[in-house]
Amino acid sequence: MASHSDFSLLYKTRNGASPRNKAKVYFSYHPDDFSYFEHISEIILAKQNCAIYYYCYTSGAPDNAELSNLLREMQLFVIPVTSNFLFLDCNAFSFELRFAQDHGIPILPLLQSSDLASAFNEKCNNLQFLDEHSKDSSAISFDEKITTYLSAVLADSETVRRIQDAFDAHVFLSYRKIDRELAQELMQMIHRNPECRDIAIWYDEFLVAGEPFDISIQKALADCDVFALLVTPNILLKNANGEDNYVMSSEYPAASEASKSIVPVEAAETDKDELKSKFKGIPECISTKDEHKITSALLAIINGIRNDARVRRLAQAENSSMEHSFLVGLAYLMGIEVERNPEHAFELIKKAADAGLPEALRKLSEMYYYGTGTKRDLRRAVELRKKDYQYHKELYSKARTDANLREYLIRLEIYAHMCSELNDPVETQKAYSECISLLEKLVKQDPFNYGVSLASAYNNSALRYSEQGDVKTAEKYYNKAISWLKSLARVDPVRAEPYLATAYNDAGYFFSNHGDRALAVEYYKNSIRLRERLAVRDPESHETPLSYVYNNIAVLYMEQDEVEKAEEYYAKLVDLLEHIFAYDPSVSNLLALANSNLGLNLTYQREFLQAEAVLKKSFALCKELVAKNLELYSIDYAKACTNLSLLYFSISDIDQAKEYSLLAINYLSPLASVNPIRYDSQLSCAYNNLARCYITQYNSAEAAKHLATARAIAEKYASVGLEDYDFSRLLVLMNSAEYCISVNEEQAALEHLQPAIPLSEKLMSINPAKYTINFVACLLVAAKFYFLIDESQNARRLIEKCLTAMEDAMKRNPRKYILLLPEAYRLAGVIYCDLNDLRKAKAFFKMGISVCNELQAENTFDYDNVLVAFYITAIDFYEHIDMDAQSDECCRKALPILERLIPKGFNDYKNSLASVYTILGTHDFNAEEFESAASHLMKSAAICSELIEQGIEPMEQYNRLSMCYYLLGAISYYWGDDDKCGIYYSKSIDILEFLCEESPEEYSEMLNEIREEYDGIKAELGSN
């Protein structure tokens, strides 16, 4: 046998110890994901004293034929599940995962992001996985799950000793490295014979480069009963350095010298004379084609040894024989003393379990549960667990010792958990009820030790009732758990209060998800009071759990639209996390998320300067986190970009809003191409936000392009029904409808609105506080659409429904909805005006002006788009009903806003600005404030001329321009400037003559009046 394989794996153990006789774990990963190794190996080594092997990709891609020989001996594959693993080509997915499945080796997938769950299930056929990052506080903890799993699939040192002692005979298998595959085939051939299955076969199991293998080999040779030699021409060849190979120079001579029984097995035709020359005294070879002769030769040698062991076993209880079968089965399951063979393992362990051996029952249950050596069968696993727990229950009933009691309780709790996973509510509740009944008796003897277990059982029972929809019974058990912990806390507060604080938080989380938010708040506040007190005594133990409760209650207040209370707790959370960060930088992700949520909340509160500072901090933290771990923090980074885009859109800084939307798109696009399920919802929203920016800037081409992209992504998930996807679809449908309205594509607008309204109602029913604003916005767009297609009654119905929903929502959070009020009042005003209900129309415009004045007084710049849209419509309305004073007020409010917006790219407002200048000029003229009138009219004329050149509404511009020139002519006459008077009057008349050619009925009367007036002026000037 060669000294060691040139193809080898690296390994990690506790404190750098030797991997010899340790359980073998293989770390399988995408080459770009090795950064996860340290964290995952630390978790596993803290639970199990094993050896974790891995391939080093710096030396290139592995040779899978060579790798297969090493992987066969592994007891567990651990895989960090990332987007790279799932969606990019890698050996871990295409070969190693399949290898483990084909060879019955347990697989432990560890999700590196909860968002990958559905993609993993889809691509890996619903393999069981663990998720360290799950935020479900009601679930069994990750730590508890991985501890249970590792103890189920890996052998501890005591079990390894028992397995080694179970073998009756030991064979040393000697061969050249190049023949390893043939050696493994020979082992499998020997063990196919049931009589040979408890023969241990030692071979070069993972002799890692640099490891002192000589000592291990010498010990194995000394302990063996038979020396089996795999004969091929390779054992006659020298090493590359010209020396005899290791089999020839060391192993065979040592076996001969020790007078070991030698069985040579020929796997390939070999020169017999040369073989006898180089291997002195070698017996005749047996061909691998003669399987029976090989096993017979081995049995003939070892039967005498083994018979003694068998006689001893048969003289003992039957249980001893079953234990022997069980331990040999474990050997095949874990690759201890024999090759790994899950099928042999299953057969032997099942034989012991069928005979009633308790530990075999438990192991067989685990094999069915994890699908090791057999097809996964959760129902069969539960049945076996039931037998296991009933056995321990019977033991306890016979001998009521503390040890028996502990085992009984442990088995009962495991059985209850497995029943729950099987979705058997009746059996689950029976198991928990039995557990509770037992603990309620025992707690009287030892209140504290059993009290915590009893509280846990109450919690678990509550969770099961809640899953069945029995919230009242669930509440009863949550209250029992808390009541019991409160009584313990009175006796021993130091030990009990941490459990009580956790119980309060768990109950709060439960009730926040089951509709009783007031009770959830009460529980959260109780948990906070305890944690704050505990954190004073022991900050490092209690500050991080306290941050979780701050976050939970803040989220709850946000969902209830109580933004001021949410802001209070988010602020506390940020302060606390910044403090924790000083001694524990690992909370940086929590700090980034807390800042992001606080910034969003401040945006809703219109505290924009604070919001910007907080969101920029979140963005910077997320940028650092993504550089370290793209998979885990990608969604947080995208959220930071999105929240900044929302902030800047809210304050009319559209260029900045576009910048952050583009940043989100550029970042999400490549991620979505490899993991669409995780990223498409975010990507659709980012494109939608960018389109909304272009809609606001009246850039139709860009808006249409980005809406089409957002719509194509969103519609892929139209039938999925998940909340995030429904929300992204709603946003796209609403903005698409609004865009189609703006470009007069009525049918397309209707096609978007028809699914949008029921979708908004569905989301609002899920979470009114969160989605009412979208429901209201959807109704506004729909009302606008029906008004524009002359269905004013439909428009009235929708706007009334919108205002009712908004009034209810504003009782919770007036600041969040106030920005929608001007648009709602504006639209209501024009609809009632169209219905000739001028009283209601005037009332809505009056209310709108009041809101706009309030917003302008607070911060004019922030609400430019909101305010100007209202004022422009209000001006048209007041002009229509000859309310000059109100029209003038709105013009003077709108003017500075329009003058700010146009230099920022809002060119579509130029037409409105020209109109405002014209109206103000007219009002000033009528008030004989000629200087101001002339200034406004000259500005209007300049804009009209520019718009005519651009071909924008030319007839409207000519009409307005003729009025401007007419009034400027009159002002020039008043000022005595005869030349300008003539020029302006002539220009006005020339334009009106042109307009008369297009529409004589509309303009001929005005043309005649101005001609007559100008003729009079000329006559007067001529007489002078």
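Which residues point one way from strand 9, and which the other way? In this predicted model, V226, A228 and L230 lie on one side of the strand and F227, L229 and V231 on the other, and all are buried (under 20% relative accessible area, against over 50% for exposed and in between for partly exposed; 1.4 Å probe, protein chains only). Strand 9 covers residues 226-231, and because six of its six residues are buried, it is largely enclosed by the rest of the structure. In a regular strand the side chains alternate between the two faces of the sheet.

A word on conventions helps here. Residues are numbered from 1 along each chain as its sequence is written, and side-chain values use heavy atoms, without hydrogens or water. As the model is a predicted one, local features need pLDDT of at least 70 and side-chain atom pairs count only at pLDDT 80 or more, whereas totals for chains, interfaces and linings use all residues. Helices (H or I, at least four residues) and strands (E, at least two) are DSSP runs numbered from the N terminus, and two strands pair if DSSP finds at least two bridges between them.

Strand 9 has parallel neighbours. Four bridges join strand 7 (residues 169-174) to strand 9, with S174 as the bridge partner of L229. Six bridges link strand 9 to strand 10 (residues 261-266), again in parallel, and here L229 stands opposite P264.

Elsewhere, an open sheet of six strands follows the order 1-3-2-4-5-6 with mixed pairing. Its edges are strand 1 (10-12) and strand 6 (130-131), each pairing on one side only. Strand 2 (residues 24-27) and strand 4 (residues 76-81) run parallel, joined by three bridges, and Y26 stands opposite F77 of strand 4.

Turning to the helices, the axes of helix 31 (residues 723-742) and helix 33 (residues 768-788) come within 10 Å and cross at roughly 25°. Axes are lines fitted to C-alpha atoms, for helices over the stretch in contact, with angles from 0 to 180 degrees between N-to-C directions. Helix 31 and helix 33 are therefore roughly parallel to each other (angles under 35 degrees). Residues making the contact (heavy atoms within 4.5 Å) include F727 and L730 of helix 31 and Y771 and A777 of helix 33.

Finally, S792 sits in helix 34 (residues 792-812) and is buried, with a relative accessible area of 7%. Among the residues that S792 touches, not counting those up to four places away in sequence, are Y786, F787 and I831.

How values were computed
Angles under 35 degrees count as roughly parallel, over 145 as roughly antiparallel, 65 to 115 as roughly perpendicular and the rest as oblique.
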